[in-house]
Amino acid sequence: MIYTKDLSKSYSGTTVLNIEELSIPKGQSFGLVGNNGAGKTTYFSLLLDLIKPTTGSITSNSVVVDQSEEWKPFTSSFIDESFLIGYLTPEEYFYFIGDLRGQNKADVDALTAQFEDFFNGEIIGKKKYLRDLSKGNQKKAGIVAALIGNPEVIILDEPFANLDPTTQIRLKQILKDLAEKQGVTILVSSHDLMHVTDVCERIVVLEKGNVVKDLETNPTTLKELEAHFASGMATSQEEE
Amino acid sequence: MIKHFLNLEWKQYFRSSYWQKSIALNILLVFFALYFVVMFLGLGFGLLFILKKAFPEQDAFVVANGFMFYWIIGDLLMRFFLQKLPVMSVKPLLTTPIKRSTIVNFVLGKSALSFFNFLPLFAIIPFSIMLIRDGYSTSMILTWMLTMIIIVLIINFLNFIIEAFSAETELSFLPVIAVVGTLFGLDYFNVLPMKTLVGDGLMYIANNPIFILIPFAILAVFYVYNFKILKDKLFLDSSLKSKVTEVKAADLSWTNRFGDIAPFMQLDLKLIWRNKRTKSMAMLLVIGVLYGLFFYPQPMYREMEFMFAFIGIFSTGFFLINFGQFIPAWDSGYYKMLMSQNIKYEQYLRSKFILMVMSVVILFVLGIPYVYFGWKILIAHFAAAIYNIGVNSHVILWGGSFNRKKIDLDKKAAFNYQGTGAVQWLIGIPLMLVPMGLFALINWLIAFEAAVAMLIILGILGIVFHKKLMGFITQKYLDSKYKMIDAFSQDN
């Protein structure tokens, strides 16, 4: 589904991302972990053609993302709050995204109705602008907006941050269902190793822009990841 | 403590990307400031002679004081639009061991050092010197000077009180208009002769220095009131408590007739109506309609036919220019999202185009009464409207592809330079000067009718080649996509 080849991104000589080859099959739930500055958001931005790769390319469903826009109809994403339009209400925002993705109001209503639990009564029908919602509620709205229009690829950057524990658990269930039952390819990044191992079948660890680990999730993955990041701490202390 | 604050202020000013990026704009502002300083100096030194000439049989000092009321009103109005509330990013300071009152006093003290408080001094001090040289008693004039300085500060703090009220109302101009209107009305309808009251008061204080305590007391009251307002705001309550502003949703289904661009048009209309900056811009439309009234009542301008084209382009294109010059920066807050969505750039731009065309038509229709000043004016305005639709709309969209500055929608519009770059200055040349110059040239060489025809033909050419032009403009936007995304995600 998504194939990355010889991809690199550098800013004035400093390489921030360098991936030789990475292939994500259709329907996989894919997790990206790494410390700050590891290149997670850079990779997602490249995937969405928001920045231009220095070398190499990403191919999504045999579309080269920085050459054609054909990937847009089947890809949706929520990277950060700047994906929201502050002066719209959540409903208006959903309808707007729906319009862009060829869904009418009824389709959008039907979809958002499924997320009543997830919204916890704080999003729909409140007559509030998105800019007036709390960070967590903004995130909920953004994540659900990314599910509108039956996308085949969903990209979520740090979806668990800022959410309350109940919502985190619900979100994990939603993401699992999407990948397992509907064959959607899901890419998430997170700092929370536990959440990622819960949700993702496969986890890739980025470090200073390089892929250092590529793991199939199994019961020992969490331990392995924790060990990896703890040892990283030890080495960085030695460096100091 | 003050030392720390000053240090922070300094860094905030010189490290802001706004300062670093728009040096040209800053230089321009400095020139403006210098210009005003020179004007005021001239006024200060020249006023005595002017008054002596204009009112030979009256005492110049008394006459000057008689006009002080108008100066106070004018200053208040000017400050409301130009002077910014003193701000300081206090959030990081709230948890540090600094007394809240220290912060407030610093912010208020800082405002006393504003350029707007120094500017009158450039007139007051020379005027005082001239008065003393003219033989007025030194002690009297010095008292007067001190009183004037206190009054300047009173206006300074009164303005902040007015601004604090206007921040809470929907129509931000209302409080200042109410205050100034009341003051002026009291005088004009002789309810309370403010003009003589202020003049006599100033004279009285100058002669009896002890009464300087009165303006001083007023200043103290205003300061304390400001202190109270600001201190109340120094809690995070205002940002933590959920706002209760209910959404007023208008029915925008009429836009559906525009087909595939309807979602964007609805978005644009909501953008204009729901954000402070765009909303006050929309209010400025009134100025666009009334713009001709600055010129046409004077016979002098009615002789100058080339002015018709200029006024026509400006008044029918007022929205086009104000809205268009910041495309696509209006959407800078969520530009990343738009770019990752399944949108056709051409639709996005066409929505803005249609909005601008509609505004030109509406403004032209509202301007039809100008026919009162002569049918030639109406015809010139019509030609200008066609030119705006056919040519300027495309030019400004094209110029937008060079926009690299983010806009914060929640700030008010008048004299807000955020998002202004070289583009906004340069775009004025093809937009206004070229059609005006061409019009003037043909009007002079051939005839008025030929000049009008030229504008109309150019406009129609633009309309005919609309599809082609849009294709070209769209490509321009696509080419600068990455640069725009990068620029819009940076804070100024």
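What share of the 492 residues of chain B count as buried? I looked this up before anything else, and the answer is 31%. A reminder to myself: I am reading a predicted model.

**Confidence**

I checked the scores next, and the model comes with ipTM 0.84 and pTM 0.75. For chain B, I noted an average pLDDT of 82, with 88% of the residues scoring at least 70. I then found that residues 239-243 of chain B fall below a pLDDT of 50, and that this stretch has two contacts in the model beyond near neighbours in sequence. Where pLDDT is low, the predicted coordinates should not be read in detail. I moved on from that stretch.

**Chain B as a whole**

I went through the secondary structure of chain B and came away with 27 helices and zero strands. I also looked at how far its contacts reach along the sequence. Of the contacts in chain B with a separation of 6 or more, 79% are between residues 24 or more positions apart.

**Helix α21 of chain B**

I picked this helix to follow from end to end. It covers residues 345-366, which makes 22 residues. From its first C-alpha to its last I read 32 Å, close to the 32 Å expected at 1.5 Å a residue. I then listed the buried residues of α21(B), among them Tyr348(B), Arg350(B), Lys352(B), Phe353(B), Met356(B), Val360(B) and Phe364(B). What covers them? I found that the cover includes α14 (262-274), α16 (285-290), α18 (305-316), α19 (318-324), α22 and α26 (466-479) of chain B.

**Cores**

I looked for the largest nonpolar core and found one of 131 residues. Those with the most contacts inside it are Tyr93(A), Ala145(A), Ala309(B) and Leu455(B), so named from both chains. Helix α22 (residues 375-400) of chain B gives this core its largest share, with twelve residues. I took a closer look at Leu455(B). Leaving aside neighbours within four places in sequence, Leu455(B) touches Ala309(B), Ala383(B), Ala384(B), Ile386(B), Tyr387(B), Pro435(B) and Phe439(B). Apart from the largest core I noted another, of 25 residues, including Ala60(B), Ile155(B), Phe160(B) and Leu202(B).

**A tryptophan in α22**

Is Trp375(B) buried or exposed? Trp375(B) lies in helix α22 of chain B, and I find it exposed because 10 other C-beta atoms are within 10 Å, where 12 or fewer is the cut-off. I also took its distance to Ile261(B): the two are 114 residues apart in sequence and 37 Å apart in space, C-alpha to C-alpha.

**Where the chains meet**

I turned to the interface and found 24 residues of chain A in contact with 23 residues of chain B. On the side of chain A that touches chain B, helix α2 (residues 90-100) of chain A gives the most, with three residues. I sorted the residues of that side into 13 nonpolar, four polar and seven charged.

**Strands of chain A**

My last stop was β4(A), residues 55-60. Strand β1 (residues 2-11) of chain A pairs with β4(A) in the antiparallel sense over five bridges, and Ile2(A) has Ser60(A) as its bridge partner there. Strand β5 (residues 63-64) of chain A also pairs with β4(A) in the antiparallel sense, over two bridges. In that pairing, Thr59(A) stands opposite Val64(A). I saw that β4(A) and β5(A) form a hairpin with two residues between them, and that Asn61(A) in the turn has a positive phi of about 55°.

Definitions and conventions
Residues are numbered from 1 along each chain as its sequence is written. Chains are lettered from A and ligands numbered from 1 in the order in which they are written. This is a predicted model: local features need pLDDT of at least 70, side-chain atom pairs count only at pLDDT 80 or more; totals for chains, interfaces and linings use all residues. Two residues are in contact if their C-beta atoms, placed from the backbone, lie within 7 Å. Helices (H or I, at least four residues) and strands (E, at least two) are DSSP runs, numbered from the N terminus. Ala, Val, Leu, Ile, Met, Phe, Trp, Tyr, Cys and Pro count as nonpolar, Asp, Glu, Lys and Arg as charged, and the others, Gly among them, as polar. A nonpolar core is a set of buried Ala, Val, Leu, Ile, Met, Phe, Trp, Tyr and Cys residues joined through C-beta atoms within 7 Å. A residue is buried if 20 or more other C-beta atoms lie within 10 Å of its own, exposed if 12 or fewer, and partly exposed in between; C-beta atoms are placed from the backbone. The expected span of a helix is 1.5 Å times one less than its number of residues. Two strands pair if DSSP finds at least two bridges between them. pLDDT is the predictor's confidence in each residue, from 0 to 100.
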